[in-house]
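Hello,

Here is the structure for you to look at. Please open it first, then read my notes below.

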Amino acid sequence: VIYNNAFEADASTLSIKLEEFDQKFKVVIIDNGPGFTQFILENYMAPYTSTKGSGRGIGLFNANLSLETFGGSLSISNENGAKLEITLEKYE
């Protein structure tokens, strides 16, 4: 889904990086598209927040709920395109 959204928004590249720090993992996904709209940046935690029409906009909401269940988090921002960060606790 992230891949499709990036390229539907006219991104031509998508990078995925895994980082490890302080007993946590972070997945950072960045594309070179136009980035998130201000509306999405302010409302992505609410269900049905979408710029694509009704009946959509539950992906980030559901992903965040799932991550929070396991002590993780999700955040989005714009950094030369759209940036999505997922943080999870490291379990051994």
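**Strands, a helix and a pocket**

Strand 3 and strand 4 run antiparallel, and six bridges join them. One position to find on screen is S77, which stands opposite K83 in strand 4. Please keep in mind that this is a predicted model.

Now zoom out to the sheet. It is an open sheet of four strands. The order is 1-2-4-3, and the pairing is antiparallel. Which strands are the edge strands? They are strand 1 (14–21) and strand 3 (73–78), and each pairs on one side only. On average, neighbouring strands of this sheet are turned by 15° against each other, with direction ignored.

Next, look at helix 3. This helix lies across strand 3 and strand 4. Its direction is at about 140° to strand 3.

Then there is the largest pocket. Its volume is about 830 Å³. How many residues line the largest pocket? The lining has 33 residues. N5, F36, I40, K52 and L60 lie nearest the centre of the pocket. Four elements each give two or more residues to this lining:

- helix 1 (2–8)
- strand 2 (24–31)
- helix 3 (59–69)
- strand 4 (82–89)

So much for where the lining comes from. By class, the lining of the largest pocket has 19 nonpolar residues, nine polar ones and five charged ones.

Helix 3 and strand 4 are good places to revisit. Helix 3 lies across strand 4, and both elements are among those that give two or more residues to the pocket lining.

Best wishes

Terms used. Residues are numbered from 1 along each chain as its sequence is written. This is a predicted model: local features need pLDDT of at least 70, side-chain atom pairs count only at pLDDT 80 or more; totals for chains, interfaces and linings use all residues. Side-chain values use heavy atoms; hydrogens and water are left out. On a 1 Å grid over the protein atoms alone, a cavity is a set of points where a 1.4 Å probe fits but cannot get out, and a pocket is an open set with protein on both sides within 12 Å along at least five of seven lines; lining residues have an atom within 4 Å of a point. Grid points are joined across faces, edges and corners, and a volume is the space filled by probe spheres set on the points. Ala, Val, Leu, Ile, Met, Phe, Trp, Tyr, Cys and Pro count as nonpolar, Asp, Glu, Lys and Arg as charged, and the others, Gly among them, as polar. Two strands pair if DSSP finds at least two bridges between them. Axes are lines fitted to C-alpha atoms, for helices over the stretch in contact, and angles run from 0 to 180 degrees between N-to-C directions. Contact means heavy atoms within 4.5 Å.
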